[in-house]
Amino acid sequence: MNTRREHSVHVVLLALMVSSSALSSVHAQDAQTPPLAYEATSCVMCHSDSDPRNMPPSAHDPVEHFEQDVHRAAGLSCHDCHGGAPEVDVDAPDAKDLAHAASAGFRGRPAPQDVPAFCGRCHSDAAYMSRFDPDVRVDQEQLYATSVHGQKLAEGDVKVANCISCHGRHPGGEMASALAHGITAISDPNGPVHPTQVATTCGRCHSDAAYMKEYGIPTDQQALYERSVHHTQLVEKEDLSAPTCNDCHGNHGARPPGVADLAFVCGTCHGRQAELFRESTMATVFEMNELGECMVCHGNHLIVPPSDAMLVSQGDGDPNEVQRCSDCHTGSDDTGAPIGKAMHDGILALDDKVHGAEEVLADAEAKGMPVSEAEFHLTGATDALIEARVAIHRFDPALVEEPVARGSKVAEEAHAMGEAAIADFYFRHRWLAISLVGIAFVIVSLVLKVRQVDRRLEARRATSGGRDAPA
Amino acid sequence: MEPRSSSPGPEPDRGSSWGARLGLDLFKSLAEHKTVPRHQHTIWYYMGGMALFLFMVQVATGILLLLYYRPSSTEAYESVQFIMTKVSWGWLVRSLHSISANLLVLVLLVHLGSVYFLRAYRKPREFTWVSGIALFFLFLGFGFSGYLLPWNELAYFATAVGTDIPGAMPGMGEFVVRLLRGGPDVTGATLSRFYGLHVAILPALTTVVMGLHLYQVQLHGMSTPKRARIKGPPMPFVPHFLLRDLVGWFAILGLLITIIVLAPTAPKGALFPFDFLFDPKHLLELGNKADPFSSAAAGIKPEWYFLFMYQALKMIPATVLGLEGEMLGVLAFGVGGLVLVLVPFLDRGASGLPPHPLARAAGSAIIAVGLALAALGTFCMVEMGSTLGIVGGVIAGLWIVVSVVLDRRRRGAESLLFPSLGLLTVLFIVAMTIVGRLS
Amino acid sequence: MTGTSQPPQGGDTQGPAEGPTRRELVDYMLGGAFVLTGAATLYPALNYLVPPESGEAETSSVVLPFSAEELQPDSGRIFKFGNQPGIALKTPQGEIRAFDARCSHLSCIVQYASEQHRIMCACHMGWYDLTGRNVAGPPPRPLTAFTVNLRKRKGSDGTEIVVSRA
């Protein structure tokens, strides 16, 4: 995962450097000679739409697509990859032969087997690459050779992925005709190697049952992954730190992680869980039985959000479904089942208390009572709940009990605060009712008094013969 | 009194002695002599007293709030939150202060309207009117400055918009804006300034002007409308009118606490018409703390009594006859305010005649258009809605003009006041309902 | 006129239709009503004057409940800042810093990891260095830093830590 982030940083840096200076674009070019403008190369002059010769439209494709390419943005020209002579007189009758002469180092279009070396000519050259980014990695070609893809390619299987299969743009999704001239930066959200696109990119081959037939491996990984919590986190919640294919399988050195490595792979993010698991007795048992550590319970591609019920229930036999505690811990004399149940009951009790407190606080808030302080207090309980759920990975109920007890206390306090707020709400209503009765009493008294003084005034006026009130 | 008390004795009557020493005898005699005329419009006389009561509530709760409130941009919001949540009965004190402020403006508007329509401002009460209008403006100032003090999001942006309005004044606009805000923008400096205005400058001015106003009222007594149907001899102010006043005060106190307690959970419209006027639920909720660097929150609205101005300035075209529209709007409101002050001097019609129909029509039309604009502002209306609101306002205005013309043939022009106000209310409600559906 | 002394207003004579009991009743009612009003007004007002236990409103700065001396070098403590958790730490060199304790990943509360001299979020193993910068694991952003000021506490040897939002 780190690798990916570093990469995107590098590409950004690279773009910045390129845009800020007229960087020399030619690989072997002397820094003293002024760089040849891309548009002025004889390559572009012939391979473009404005070309007067009758070249087939497909010959124009590279130039057309290269406009969007990250290499173009870095100031590279055709001959930087393909070699040849970029400054021939295009009107000469033998212009093509001159430009494409082997003596000028023309390399043309590489065969699939040659692609890694073709890209690696620059990308494995630390001295050259450091011009664009002093921190850039140059081990991709080397890593690729160790990968299943690289090994198969070396054996002559051209169906496997090479550099451009993943990094090239794929108009219309035709995988065989991956276009190498629209390579995007890793940070480009629409590019095929952006974290959100990686599963689709890998899936273009790996989900194609017909294409993958001869390799005898499943083709449902993408479909399963897209139902997983990691995919939800990555795509729906736009959390780019959530893993996609390459975060577990590596990218250039792509190979499936072994059974024993699994806890380490998952542990890069789920560190505490992996740590606890390795400390537990279960780790030894799993190792003896060659069971994939995390995978047994959580699956691999389809990793659904875990539930507390996994501690006590059995799976429904779906092969894609994961194992639950009770799938293995069967029998009345099994000691594991009660442990699972103890941890489950503790967590469930805390969960209930947290939910109960949340409901009370929501109720208080709906009644217009400010409860932000209680809500803050409750985060202590939700944190403890997360902690308890992590703590189960050592399968020691004592380790779960501590956060459960702490969280329960906090949740109960928050609950009490919420109830106090609701009680205050009803107190205000009772206060209002009593006050209104009091006010009504005052008003009645006043009205009675008004009538009394009015009557007296009238009586006085009647006796004093219409004179005004006495001075 | 009997001669007994006038003879020089070693122990003169305690009450009169203390009264004499403290100078209370003057008030006693004033109270004894003050009378209130009785006719079909006597009810409007209670408005002034009611405003006085609400003002007293303001003073009392305002002083209490001062004990916990902190006037700085870093602490104001938190201190108001503290008052609302931690201080015992703090919720009541702060709610009373903000809700009664709104009721006060409402009562002042009714008071002003009744004096206008009954032409109580005519000679010799011109200065009662002028001081009253000055008080009205002072209370608007109280409302405007007080709105900012909790330093919450809505108030912040409403103040930013409100203090920007004088910027359209020709020549000195920018200076006035700087003067109001204590800087080019609404910041903590504005808060300090508004706080000083709210708790020192305005109260001092109000004390003086209110003294003047009450003195004028005392001096000239209550004005009897020329065409009033007298219902008997005037009643003494003490106790007959005062007791009746108290009934009103307690009634409005009951209304106040009912709004305060029920508003947070009342469904929309249940506290009609207050829901629509000043949205007590919204008013009592603090919302988010103001953040000068956040983008303006949705639903920014000034207080309801500034809505007509806010909406009018929003609707005025950018340029009118080659002049800047907003500047014209501001000028128009300035002139409008001046006309309001000068009403007693403009209306020089012989005081024996019935109210001038044109003056009445103008007053009614102002109310109608003001209500329509306020309705628009309340609902943040889209184009169709604003057309509806304008049409409603214009129809109401026209209806009033027509009925005034028709009314001239009949006698008892005052009888028009209630039906026209009633009709306006109906129109207002209808417009609100339509608009509420639309939005 | 020498009317009875009971009516407070004007020396009028007793109305012919009213017996003294009835008049007195109304006066008692009214008097009671006013006493009631006074009590009902004074009770909340006087209670309002009593300062609540929490003393003062929480604001944009907070004095930590522990002193600079109590905070051991190479350790950190969680404190409450308004309605949010904060973490105050003392670097091995003895400098005191404070951050928003909510991890920038999924808002778990971070902790000080003495062994690594870093701030750690246990939820997904996020790591921050002692300047709050995210250095490893999922966190996408650094921790929000607070401003720390130290001041001598009156009448004791301790040094107060005052944390405010930057």
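**First stop: a hairpin in chain C**

Start by selecting residues 84-90 of chain C, which make up strand E3, together with strand E4; the two run antiparallel and share 5 bridges. Keep in mind as you go that this is a predicted model. To see one rung of this ladder, pick C:Lys90 and look across to E4(C), where its bridge partner is C:Ile96. Now follow the chain around the turn: E3(C) and E4(C) form a hairpin with 5 residues between them. Click on C:Gly94 in that turn, and you will find a positive phi of about 100°.

Next, colour E4(C) by itself, residues 96-100. Is this strand mostly covered or mostly open? It is mostly covered, with 4 of its 5 residues buried. E4(C) has another strand partner as well: add E9(C), residues 145-152, and you will see an antiparallel pairing over 2 bridges. A good place to zoom in is C:Ala98, which stands opposite C:Phe146 of E9(C).

**Second stop: all of chain C**

Zoom out and show the whole of chain C as a cartoon. How many helices and strands does it have? There is 1 helix, and there are 10 strands. Reading from the N terminus, the helix comes at the start and the strands follow, in the order α-β-β-β-β-β-β-β-β-β-β. Of the 166 residues in this chain, 43% are buried. Among contacts with a separation of 6 or more in chain C, 35% link residues 24 or more positions apart.

Two loop residues here deserve a click. Select C:Asp74, in the loop that connects E1(C) (61-63) with E2(C) (75-81). Its phi is near 60°, a positive value in a residue that is not glycine. C:Asp74 counts as buried because its relative accessibility is 19%, and the cut-off for buried is under 20%.

Then move to C:His117, in the loop between E5(C) (111-113) and E6(C) (118-121). C:His117 also has a positive phi, about 55°, without being a glycine. Is the residue buried or partly exposed? With a relative accessible area of 38%, C:His117 is partly exposed.

**Third stop: where chain C meets chain A**

Bring chain A into view. Here 32 residues of chain C touch 31 residues of chain A. The two chains bury about 2700 Å² between them, and 61% of that lies on carbon and sulfur atoms. Which residues form the 1 salt bridge found across this interface? Select C:Asp27 and A:Lys449: their side chains meet in a salt bridge, with 2.6 Å from N to O. There are also 2 residue pairs in polar contact between these chains, counting pairs with both residues at pLDDT 80 or more.

To see what chain C brings to this contact, highlight H1(C) (20-49) and E3(C), the elements that each give two or more residues to the side touching chain A. H1(C) supplies the largest share, 10 residues. That side of chain C has 17 nonpolar, 9 polar and 6 charged residues.

**Fourth stop: where chain B meets chain A**

Now switch to chain B, where 27 residues are in contact with 25 residues of chain A. About 2300 Å² is buried between them, 77% of it on carbon and sulfur atoms. There are 2 salt bridges between these chains; for one of them, select A:Glu373 and B:Lys86, whose closest N and O atoms are 3.0 Å apart. The count of residue pairs in polar contact is 4, with both residues at pLDDT 80 or more.

On the chain B side, highlight H4 (76-85), H5 (90-117), E2 (235-236) and H10 (237-262), which each give two or more residues. H10(B) gives the most, with 14 residues. By class, this side divides into 19 nonpolar, 5 polar and 3 charged residues.

While you are in chain B, look at two cis peptide bonds. One joins B:Lys123 and B:Pro124, with omega about 10°; B:Pro124 sits in the loop between H5(B) and H6(B) (126-148). The other runs from B:Val238 to B:Pro239, with omega near 0°, and B:Pro239 lies in H10(B).

**Last stop: a helix in chain A**

Finish with H7(A), residues 115-123, and show the side chains of A:Val115, A:Pro116, A:Phe118 and A:Cys122, which are among its buried residues. The buried residues of H7(A) pack against several helices of chain A, including H5 (78-82), H9 (140-146) and H11 (163-167).

Definitions and conventions:
Residues are numbered from 1 along each chain as its sequence is written. Chains are lettered from A and ligands numbered from 1 in the order in which they are written. This is a predicted model: local features need pLDDT of at least 70, side-chain atom pairs count only at pLDDT 80 or more; totals for chains, interfaces and linings use all residues. Side-chain values use heavy atoms; hydrogens and water are left out. Buried means under 20% relative accessible area, exposed over 50%, partly exposed in between (1.4 Å probe, protein chains only). Two strands pair if DSSP finds at least two bridges between them. Contact means heavy atoms within 4.5 Å. Buried area is the accessible area (1.4 Å probe) that two parts lose on being put together, summed over both. A salt bridge is a side-chain nitrogen of Lys or Arg within 4 Å of a carboxyl oxygen of Asp or Glu. A polar contact is a pair of N or O atoms within 3.5 Å; within protein, one must be able to donate a hydrogen and the other to accept it, and residues adjacent in sequence count only if both atoms are side-chain atoms. Ala, Val, Leu, Ile, Met, Phe, Trp, Tyr, Cys and Pro count as nonpolar, Asp, Glu, Lys and Arg as charged, and the others, Gly among them, as polar.
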